[in-house]
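The exercises below ask you to read a fold step by step, from its overall layout to single residues. Please work through each task before turning to the solution beneath it.

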Amino acid sequence: MDAGNKNPGGAGAPKKDSQPKKKTKRVPERRCIGCGETKPKPELIRVVRSPDGEVFIDPTGKKSGRGAYICRKSTCLKRSFKSKQLGRNLNCGIPEEVLKRLSEEIADVLAAGESTK
Ligand SMILES: [Zn+2]
């Protein structure tokens with residue numbers, strides 16, 4: 001018995017694809033609170049809670065207030081709502097009607113983004 005030999009063949013572990021470093025513009029990354037994936041900021045949608053407590057989609061990403069990022073799809077919005085991650089990130093409770101409005105706004109943003117392409 002040859003327990004302990006985890007590397008039969010002995011060719012050495014294949015290296016993971018390490019791409020040569022390219023000089024790219026650094027895109028800030030944010031984590032989607034729905035699926036937890038980290039993505040470049042432009043690929044996410046910012047949900048913001050304004051100082052007066054209104055929650056809405058912020059397509060420009062420049063509104064002031066507490067923000068959270070989610071993928072450009074309503075599934076992630078719903079997931080973040082269900083897991084209460086959205087409310088936690090915005091530090092407020094999110095009523096279902098707000099969720100509805102948010103998913104509509106996301107649909108709008110998506111439609112607008114596609115038509116300008
Ligand atoms: Zn996501």
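Helices (H or I, at least four residues) and strands (E, at least two) are DSSP runs, numbered from the N terminus. The model is a predicted one, in which local features need pLDDT of at least 70 and side-chain atom pairs count only at pLDDT 80 or more, while totals for chains, interfaces and linings use all residues. Residues are numbered from 1 along each chain as its sequence is written.

**Exercise 1. The layout of the chain**

Determine how many helices and strands the chain has, and in what pattern they follow one another.

Solution. Begin by counting the elements: there are three helices and five strands. Next, read along the sequence, where the pattern is β-β-β-β-β-α-α-α. Then turn to contacts, which are pairs of residues whose C-beta atoms, placed from the backbone, lie within 7 Å. Among contacts between residues at least 6 apart in sequence, 54% join residues at least 24 apart.

**Exercise 2. The sheet**

Work out the order of the strands in the open sheet of three strands, and explain why one side of E4 and of E5 is left without a neighbour in the sheet.

Solution. Two strands are taken as paired if DSSP finds at least two bridges between them. Start with strand E3 (residues 44-49) and strand E4 (residues 55-58), which run antiparallel and are joined by four bridges. Within this pair, Val 47 has Ile 57 as its bridge partner in E4, and Arg 46 has Asp 58. The two strands form a hairpin with five residues between them, and Gly 53 in the turn has a positive phi of about 90 degrees. Now take E3 with E5, which also run antiparallel and are joined by six bridges; here Arg 46 stands opposite Tyr 69 in E5. Putting the pairs together gives the order E4-E3-E5. Because E4 and E5 stand at the edges, each has a single partner strand, so one side of each has no neighbour in the sheet. From one strand to the next, the twist averages 30 degrees.

**Exercise 3. The nonpolar core**

Find which elements give two or more residues to the largest nonpolar core, and which of them gives the largest share.

Solution. A residue is buried if 20 or more other C-beta atoms lie within 10 Å of its own, exposed if 12 or fewer, and partly exposed in between, with C-beta atoms placed from the backbone. Of the 117 residues of the chain, 20% count as buried. A nonpolar core is a set of buried Ala, Val, Leu, Ile, Met, Phe, Trp, Tyr and Cys residues joined through C-beta atoms within 7 Å. The largest such core has 19 residues, and those with the most contacts inside it are Cys 32, Ile 45, Val 47, Ala 68, Tyr 69 and Ile 70. Two or more residues come from each of E3, E4, strand E5 (66-71), H1, helix H2 (85-90) and helix H3 (96-115). The largest share, four residues, comes from E5. For a single residue, consider Ala 68, which, leaving aside its neighbours within four places in sequence, is in contact with Ile 33, Val 47, Leu 86, Asn 89 and Leu 90.

**Exercise 4. The two sides of H1**

Decide which residues of helix H1 are buried, and why they are on the same side of H1.

Solution. In helix H1 (residues 74-82), the buried residues are Cys 76, Leu 77, Ser 80 and Phe 81. These cover an arc of only 140 degrees around the axis (taken from the directions from the helix axis to the C-beta atoms), which puts them on the same side of H1. On the other side, Thr 75 and Lys 82 are exposed, and Lys 82 has 11 C-beta neighbours inside 10 Å. Lys 82 and Gly 34 are 48 residues apart in sequence, yet 9.0 Å apart in space, C-alpha to C-alpha.

**Exercise 5. Positive phi in the loops**

Locate Lys 84 and Asn 91, and establish whether each is buried or exposed.

Solution. Most residues other than glycine have a negative phi. Lys 84, in the loop between H1 and H2, has a positive phi of about 65 degrees although it is not a glycine. Lys 84 is exposed, with 11 other C-beta atoms within 10 Å. Asn 91, in the loop between H2 and H3, has a positive phi near 60 degrees, and counts as exposed with 9 C-beta neighbours inside 10 Å.

Conventions
Contact = placed C-beta atoms within 7 Å. Axes fitted to C-alpha atoms, helices over the stretch in contact; angles between N-to-C directions.
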